[in-house]
Amino acid sequence: MMKKIIYIFIGCLLLTSCSGMLDIESHSAVSPGSVTSQDLSALRMGMYNKVQNSPTRESYITFDILGGDLTQSTGNAKDLINSVLSSLNSIVSNSWNGYYNALYQVNNVLSIVESLPESELRNLIIGEAHYFRAYIYHALVTRWGGVPIQKVNTMEKPFRDSEEAVWSFIEEELQTALAFLGTSSSYYYVSRDAALAYDKSGSRVLAAVNGDFFAKDGTPQGIYYRNGTCLKGTMTDNVCTFFAITKNKRAIIGSYDEYDSYKENIQEAVGGRVRLMTNGNVLPQTVTALEPRTAIGVTDDNVVYILVADGRNFWYSNGMRYAEMGAVMKALGAKNAINLDGGGSSTFIIRKIAGFEDGRFAIRNWPYDNGGVEREVANGLLVVTDN
């Protein structure tokens, strides 16, 4: 008898003469419009340099002063605080100016690289830039409370935002950084591990599954949005589909031809491939192979069903066909459904510990490729609380 093990859960970044000296480009700076993909490494190093050095070395000891670990000749920590922590003191003003100087460079880098063709290095720099914005604002808000949030450089006079708004912006930047950053290759550079170290309880993950199909270099085949930011706005072909949450919190299933009509209103999105259901009808399929599958469906009442079926293991679970996945989604009440990446990518994870201890997540299915251990995928879907 054929076995099928399935899992379901519901969720409601040449000098030639002296006469030509004035025509020579600067060796230390170029205009943003002149930067090409060949300049990415230099652009990246410039950003790291600004973030590390612009705030000045004294900015790193601010909390030592506030905490009373440093003293001056009187031996009284209060005297040091009263003399140093004045807005007229160069230590304070240089730190403030330095952090915003670094932010200016980070914003420049983001505006430049987002206009360049997609590449592994370009996407890495976007992740690092968003992480640095979070880091800079973490330093600003913990020293000065509510400060002006500047997502783009401007000559306009800025106004302070609330502390709550700054902390919310920091979380948004870290979440965006996570979408681009991978495992650390060197402690000299930012990694996904560093971003996770700042993860806050306000974004508690309850469950997760794998997402889109992807190329060998890790690029997803379909669109990808995170926190309202389009991380990838192209699809490999017209077979691509997508699941999205709109800015007005509606869950939608869309096809290749429908993307243009939705893209301005997408808050979160992940790509998929084969469409399983349309308007309540299970679609006929030409592929009948039994495989591990991951699928997602949406009801008219804005209920989302995510389904994972194990496979490729005769003694445990053989897998499911596309048509069978569609039938299950219809039985659950979905009106539209698509197939996400399957095979060894199919993974179903839940939170088993309320806190943030190691081992707080458990894999509830049996990922095929690694004998029960999840493999690296291009992206995924998380069910996340807002408290």
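**Entry 1: two loops with positive phi**

I began with Arg312, which sits in the loop between β11 and α9 (322–332). The model is a predicted one, and I read each angle below as a computed value. Phi of Arg312 is positive, near 65°, though the residue is not a glycine. Its relative accessible area is 38%, so I put Arg312 down as partly exposed.

I then went to Asn302, in the loop between β10 (293–298) and β11 (304–309). Asn302 also has a positive phi, about 70°, and is not a glycine. Is Asn302 buried or exposed? Its relative accessibility is 14%, and because buried means under 20%, I entered Asn302 as buried.

**Entry 2: the sheet of 4 strands**

I traced an open sheet of 4 strands and wrote down its order as β14-β13-β2-β15, with antiparallel pairing. Which strands stand at the edges? They are β14 (361–363) and β15 (380–384); each has a single partner strand, so one side of each has no neighbour in the sheet. Ignoring direction, I noted an average turn of 15° between neighbouring strands of this sheet.

Next I looked at one pair inside the sheet. Strand β2 (residues 205–210) and strand β13 (residues 348–351) run antiparallel and are joined by 3 bridges. Opposite Val209 I found Phe348, in β13.

**Entry 3: Asn210**

I stayed on β2, since Asn210 belongs to that strand. How buried is Asn210? Its relative accessible area is 4%, which counts as buried.

I checked what its side chain reaches. One polar contact goes to the side chain of Thr294, at 2.9 Å. The side chain of Asn210 also reaches the backbone nitrogen of Thr347, at 3.0 Å. With neighbours within four places in sequence left aside, I listed the contacts of Asn210 as Thr294, Leu340, Asp341, Ser345, Ser346, Thr347, Val377, Asn379, Gly380 and Leu381.

**Entry 4: the sheet of 5 strands**

I traced a second open sheet, this one of 5 strands, in the order β4-β3-β7-β5-β6 and with antiparallel pairing. Its edge strands are β4 (229–232) and β6 (251–255), each of which pairs on one side only. The average turn between neighbouring strands of this sheet is 30°, direction ignored.

I looked up the pair at the β6 edge. Strand β5 (residues 241–246) pairs with β6 over 5 bridges in the antiparallel sense. Ile245 stands opposite Ala251 in β6.

What lies across β3 (224–226) and β4? I found α6 there, running at about 150° to β3.

**Entry 5: helix α6 and the loop before it**

I checked the length of α6. Its 18 residues, at 1.5 Å a residue, should span 26 Å, and its end C-alpha atoms are 26 Å apart, so the two agree. Which residues of α6 are buried? I listed Val166, Phe169, Ile170, Glu173, Leu174, Gln175, Thr176, Ala177, Leu178, Ala179 and Phe180.

I then stepped back to Gly146, in the loop between α5 (120–144) and α6 (163–180). Gly146 has a relative accessibility of 14%, and so counts as buried. Its C-alpha atom is separated by 6.6 Å from that of Val166, although the two residues are 20 apart along the chain. Not counting residues up to four places away in sequence, Gly146 touches Arg160, Asp161, Ser162, Glu163 and Val166.

**Entry 6: the nonpolar cores**

Last, I looked up the cores. The largest nonpolar core holds 38 residues, and Ile136 and Tyr137 have the most contacts inside it. Which elements give two or more residues to this core? They are α1 (40–53), α4 (90–113), α5 and α6. The largest share, 11 residues, comes from α5.

I followed Ile136 outward. Leaving out residues up to four places away in sequence, Ile136 touches Val51, Tyr99, Ala102, Leu103 and Val106. Apart from this core I noted another, of 15 residues, with Met277, Ala309, Tyr322 and Ala334 among them.

Key. Residues numbered from 1 in each chain as written. Predicted model: local features only at pLDDT ≥ 70, side-chain atom pairs only at ≥ 80, totals over all residues. Heavy atoms only, no water. Pairing = 2+ DSSP bridges. Axes fitted to C-alpha atoms, helices over the stretch in contact; angles between N-to-C directions. Buried < 20%, exposed > 50% of the residue type's maximum accessible area, 1.4 Å probe, protein only. Polar contact = N/O pair within 3.5 Å; in protein donor to acceptor, adjacent residues only side chain to side chain. Contact = heavy atoms within 4.5 Å. Core = buried A, V, L, I, M, F, W, Y, C linked by side-chain atoms within 4.5 Å. Expected span 1.5 Å × (residues − 1).
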